[in-house]
Amino acid sequence: MKIAFKVLKFKAIALLIVLLFSCDDNFLNKYPLDSPSTETFYSNEKELIMGINACYKNLVTETANWGNFNSRMFPWHLETTTDIAWERYGSDVGIGIHDSQSGYPRTQWNRMFNGIAKCNSLLSNMDKGKENTNEEVFNRIKAEAKFLRAYFYHHLIELYGDVPLLEETPPLEEPNVSRTEKSVIVDFILNEFEEASIDLPIEYSGSDKGRITKGAALTYKARTALYNEKWDIAIDATQRVMNLGVYSLYPNYEKLFHYEGENCDEIILDFQFKKPTNFHSYTLDMSPDNGVASSWNYVIPLQDLIDSYEAIDGKPIDESPIYDQSNPFKNRDPRLRQSIFYDGMRFGTWNIYTHPDSIYTWQFREGGDSIRVQNTNVTSAYGSFSGYHWKKYVDEIDAYENPYESEINLILSRYAEVLLMYAEAKIEKNNIDQTVLDAINQVRQRPNVNMPEITTTNQIELRKIVRRERKVELAFEGLRLYDIRRWKIAEKALNRPVFGRPKGSYDIINVPDIDEDGIPHYGSDENNLRIITDRSFNPNRDYLWPIPQAEMDVNPNLKQNPGY
């Protein structure tokens with residue numbers, strides 16, 4: 001279902017709902033906002049649908065406005081706070097100097113509690129419309145609201161730890177709420193996803209395509225369980241998703257993230273776009289600045305990610321005899337070229353060159369001839385600092401037609417993650433059997449990837465493999481921050497400079513050492529790489545984000561996380 005989940009028909013009503021729960025710097029203090037509309041709204045099926053549609057908006061953005069979304073969309077922007085991506089204009093969180101007044105933690109706190117407020121309003125008032133609503137639709141809407149509320153809490157506890165658990169709108173005379181222990185909220189979330197799965201359909205058709213399904217509820221139950229080391233629950237939930245029989249891996253990894261792959265059988269949940277109401281600017285923000293699309297290169301991949309892709313013999317580059325540092329993109333995992341633009345590739349009619357001396361490039365024209373033109377990817381102020389560009393979600397259709405208004409759906413969860421979660425939970429439980437290898441190999445042996453089969457049953461080796469698979473398979477899908485936090489490797493991954501490509505030819509550096517956590521180390525070659533900035537991570541503080549200071553100022557019951 002191209003967004004806005006039927007909102008276009010009833011835009012005025014939906015806007016009213018959003019405005020009722022608009023967020024600001026003192027969100028919990030003003031939550032909820034009193035309004036007479038709840039006395040008469042939610043009285044029929046149409047209004048209930050409008051209520052749940054308004055809740056969907058908060059899946060990816062903190063804004064309540066209808067229209068364009070940029071690359072700060074959540075959760076994809078989380079990648080810029082990790083070792084695989086960088087934000088051009090920087091962020092406090094991205095370099096480890098954030099505090100309780102930093103903007104990004106504040107806006108995400110507000111966005112998610114804004115979504116919770118809308119879900120609670122709907123759940124508390126929807127019985128008014130029960131008699132005027134089809135029973136199946138009523139139960140589905142209730143399940144969607146429970147899923148979305150649990151979804152917001154899933155992100156809140158992983159980012160902030162203990163947070164207030166609000167299952168209904170608190171009384172106006174008691175606005176100050178306390179933080180609830182994360183373990184209690186984990187149990188709540190798991191139960192909510194399970195309950196939601198009962199009344200959610202396996203799939204939709206027509207204009208409802210894109211709504212939350214039974215598979216989505218079970219997938220997020222598995223993700224929450226995995227993140228909190230509840231291996232049995234994660235195994236059970238992922239098995240149930242696999243047993244639904246509706247999901248399979250899309251045969252073309254690259255096209256999965258372009259228009260061609262939309263609504264395929266691999267997608268479990270995505271955020272869908274449709275002009276003129278909703279669109280995004282990922283092509284403008286991510287693509288090479290080479291004349292096809294005048295890109296901002298706002299979010300860019302980093303050398304750490306490039307060096308994490310195996311050689312085609314299935315070995316890390318520091319172990320593979322076929323890896324050639326002078327030609328580092330030859331004989332590599334195909335997902336590298338399918339995910340990232342690098343030196344020598346073509347985008348549209350232009351060749352991509354990122355060497356600082358490559359001030360000219362070649363543009364190919366109809367008939368096969370080419371002309372030498374200025375290489376704006378190097379000479380422009382908006383060239384990539386790292387020498388790399390995201391290929392995921394950058395479709396040439398958008399580049400040629402309108403890079404400002406892409407309609408490519410952005411994926412929130414897909415079947416490959418389910419397979420990797422199943423494998424990881426079984427590995428951590430040390431219940432390793434053929435199904436673990438089958439799950440990993442399905443992901444590695446997608447037809448246009450076809451990496452060597454994994455055969456080892458050693459727990460330590462499989463742990464390394466599944467973590468590397470998550471890093472490269474799920475790159476730029478908003479999961480890396482959660483992974484390096486829960487694996488407790490963030491202080492190693494982030495206490496180092498932000499590296500781009502070599503300053504000159506690739507053969508000026510040696511092959512990096514890849515450690516047991518899959519992190520490349522460059523030793524004395526660090527000075528031969530582009531160093532974009534320094535980055536730090538305080539393990540005594542930065543495994544949690546701060547509670548926004550504005551919330552602390554107005555609510556004495558909230559206690560700050562350590563170190564802030």
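**Figure 1. Helices H6 and H8 are roughly parallel to each other in this predicted model.** The crossing angle between the axes of H6 (residues 135-160) and H8 (residues 214-227) is roughly 20 degrees, and the axes come within 11 Å. Because angles under 35 degrees count as roughly parallel, the pair receives that description. The crossing in which H6 passes H8 is left-handed. On the H6 side, the contact is made by Phe147, Tyr151, His154 and Glu158; H8 contributes Ala216, Ala217, Tyr220, Arg223, Thr224 and Tyr227. By class, the residues of this contact comprise six nonpolar, two polar and two charged.

**Figure 2. A salt bridge joins the side chains of arginine 468 and glutamate 310.** The N to O distance of the pair is 2.8 Å. Arginine 468 belongs to helix H18 (residues 459-473), whereas glutamate 310 is found in the loop between helix H12 (303-306) and helix H13 (334-339). The pair therefore ties together parts that lie 158 residues apart in sequence. Both arginine 468 and glutamate 310 are buried.

**Figure 3. Glutamate 469 and arginine 335 form a salt bridge.** The closest N and O atoms of this pair are 2.9 Å apart. Distant parts of the chain are linked here, with glutamate 469 in helix H18 and arginine 335 in helix H13, 134 residues apart. Glutamate 469 is buried, as is arginine 335.

**Figure 4. Within helix H18, glutamate 461 and lysine 464 are three residues apart.** That spacing separates glutamate 461 from lysine 464 by about one helical turn. The two residues form a salt bridge, in which the closest N and O atoms are 3.6 Å apart. Glutamate 461 has a relative accessible area of 35% and is partly exposed. Lysine 464 also counts as partly exposed, at 30% relative accessibility.

**Figure 5. Salt bridges that share partners join a set of residues into one network.** The acidic members are Glu266, Glu310, Asp333, Glu469, Glu473 and Glu477. Joined with them are Arg335, Lys392, Arg414, Arg444, Arg446 and Arg468. The network thus includes Arg468 and Glu310, whose side chains meet at 2.8 Å, as well as Glu469 and Arg335, whose closest N and O atoms are 2.9 Å apart. For the model, the count of salt bridges comes to 40.

Conventions. Residues are numbered from 1 along each chain as its sequence is written. This is a predicted model: local features need pLDDT of at least 70, side-chain atom pairs count only at pLDDT 80 or more; totals for chains, interfaces and linings use all residues. Side-chain values use heavy atoms; hydrogens and water are left out. Axes are lines fitted to C-alpha atoms, for helices over the stretch in contact, and angles run from 0 to 180 degrees between N-to-C directions. Helices (H or I, at least four residues) and strands (E, at least two) are DSSP runs, numbered from the N terminus. Angles under 35 degrees count as roughly parallel, over 145 as roughly antiparallel, 65 to 115 as roughly perpendicular and the rest as oblique. A crossing is left-handed if the near helix is turned anticlockwise from the far one by less than a right angle, and right-handed if clockwise. Contact means heavy atoms within 4.5 Å. Ala, Val, Leu, Ile, Met, Phe, Trp, Tyr, Cys and Pro count as nonpolar, Asp, Glu, Lys and Arg as charged, and the others, Gly among them, as polar. A salt bridge is a side-chain nitrogen of Lys or Arg within 4 Å of a carboxyl oxygen of Asp or Glu. Buried means under 20% relative accessible area, exposed over 50%, partly exposed in between (1.4 Å probe, protein chains only).
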